[in-house]
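Here is a short tour of one protein chain, with its packing, its pockets and its charged pairs taken in turn. Keep the structure open beside the text and follow along.

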Amino acid sequence: MMAYDKRINYGCSRKDEDIPDNVFTDDFLNQLFNIFNDIKQETTGFKFYADIKPVWGKLNNDKYAGTIDIIAISPEGRKYIIDLKTSFYDRTNEQTNNGQRLLADDSIQVSAYAELLHQSTGIVADNAVILPIQVFITNGVYTKAIANKWKGGYTKPINIDRNLWQGAPSLVPK
């Protein structure tokens with residue numbers, strides 16, 4: 001692989017000698033697999049879609065685009081946006097100012113995804129959840145992944161604010 005390609009794939013800021021050939025350990029990848037497999041087992045009958053094209057449109061008269069991580073469809077046909085949140089710390093502590101701010105930011109982001117999904121595809125998301133995954137890095141290599149759980153399980157429901165984008169040309173139905 002050319003040095004330039006390595007920097008693009010790794011983050012562009014490191015010198016060639018600092019970039020490991022294997023950015024993810026086998027344990028890290030197995031842990032991610034197990035997290036998603038556990039969720040699949042807990043949501044019998046759901047269909048999951050992760051190869052989603054970017055959504056786009058106008059929010060408050062400005063052009064936006066984004067990529068939804070996962071769309072889940074329940075056996076009853078309800079559509080959920082699943083937003084993966086990777087971080088170096090546990091995002092499930094809502095009692096801190098940072099935890100409250102993160103949830104508010106998450107609500108804005110998934111509300112934007114819901115509106116852009118509707119504008120670009122006509123699909124209306126019924127709700128959204130975030131899935132926090134705490135990651136650990138050693139010497140530039142991802143070594144461990146943990147799904148921090150809330151009291152209710154792996155995901156945290158996030159309300160879609162359907163009034164947030166008053167300037168949007170095609171508001172999601174309430």
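What follows is a walk through the nonpolar cores, the two largest pockets and a set of salt bridges. Please bear in mind that this is a predicted model.

**Nonpolar cores**

Let us begin inside the protein. The largest nonpolar core has 20 residues, and the members that touch the most others are Ile68, Ile81, Leu117 and Ala125. Two or more residues of this core come from each of β2 (55-59), α3 (97-121) and β6 (127-138). Helix α3 makes the largest contribution, seven residues.

Ile81 is a good place to centre your view. Not counting neighbours within four places in sequence, Ile81 is in contact with Ile68, Ile70, Val110, Tyr113, Ala114, Ala125, Asn127, Ala128 and Val129. A second, separate core holds 14 residues, among them Ile35, Ile39, Ile82 and Val129. As a general backdrop, nonpolar side chains tend to be buried together in soluble globular proteins.

**The two largest pockets**

Now for the open space. The largest pocket has a volume of about 470 Å³. Of the 21 residues that line this pocket, Ile39, Thr43, Phe48, Ile82 and Thr155 lie nearest its centre. Ile39 and Ile82 have already appeared above, as members of the second core. At least two lining residues are supplied by each of α2 (26-42), β4 (70-73), β5 (79-87) and β6, and α2 gives the largest share with four residues.

The second largest pocket has about 170 Å³ of space. Its lining comprises 14 residues, and those closest to the centre are Ile52, Ile71, Leu117, Thr121 and Ile123. Leu117 is also one of the residues that touch the most other members of the largest core. Here β2, β4 and α3 each supply at least two residues of the lining, with α3 giving the most, three residues.

How do the linings divide by class? In the largest pocket there are 14 nonpolar, four polar and three charged residues. For the second largest pocket the figures are nine nonpolar, two polar and three charged residues.

**A buried network of charges**

The model has four salt bridges in total. Three of the pairs involve residues that belong to one network, made up of Asp83, Lys85, Arg91 and Asp106. They are set out here.

| Salt bridge | Closest N to O distance |
|---|---|
| Asp83 and Lys85 | 2.9 Å |
| Lys85 and Asp106 | 3.6 Å |
| Arg91 and Asp106 | 2.4 Å |

Are the residues of this network buried or exposed? Asp83 counts as buried because its relative accessibility is 2%, under the 20% limit. Lys85 has a relative accessible area of 13%, so it is buried too. Asp106 is likewise buried, because its relative accessibility is 3%. Arg91 is buried as well.

Where do the partners sit along the chain? Lys85 lies in strand β5 and Asp106 in helix α3, 21 residues apart, so that the salt bridge between them links distant parts of the chain. The bridge from Arg91 to Asp106 also links distant parts: Arg91 is in the loop between β5 and α3, and its partner in helix α3 is 15 residues away. Asp106 thus takes part in a bridge with Lys85 and in another with Arg91, while Lys85 also pairs with Asp83.

Terms used. Residues numbered from 1 in each chain as written. Predicted model: local features only at pLDDT ≥ 70, side-chain atom pairs only at ≥ 80, totals over all residues. Heavy atoms only, no water. Core = buried A, V, L, I, M, F, W, Y, C linked by side-chain atoms within 4.5 Å. Buried < 20%, exposed > 50% of the residue type's maximum accessible area, 1.4 Å probe, protein only. Contact = heavy atoms within 4.5 Å. 1 Å grid on protein atoms, 1.4 Å probe; cavity = no way out; pocket = protein on both sides within 12 Å on 5 of 7 lines; lining within 4 Å. Points joined across faces, edges and corners; volume = space filled by probe spheres on them. Nonpolar A, V, L, I, M, F, W, Y, C, P; charged D, E, K, R; others polar. Salt bridge = Lys/Arg side-chain N within 4 Å of Asp/Glu carboxyl O.
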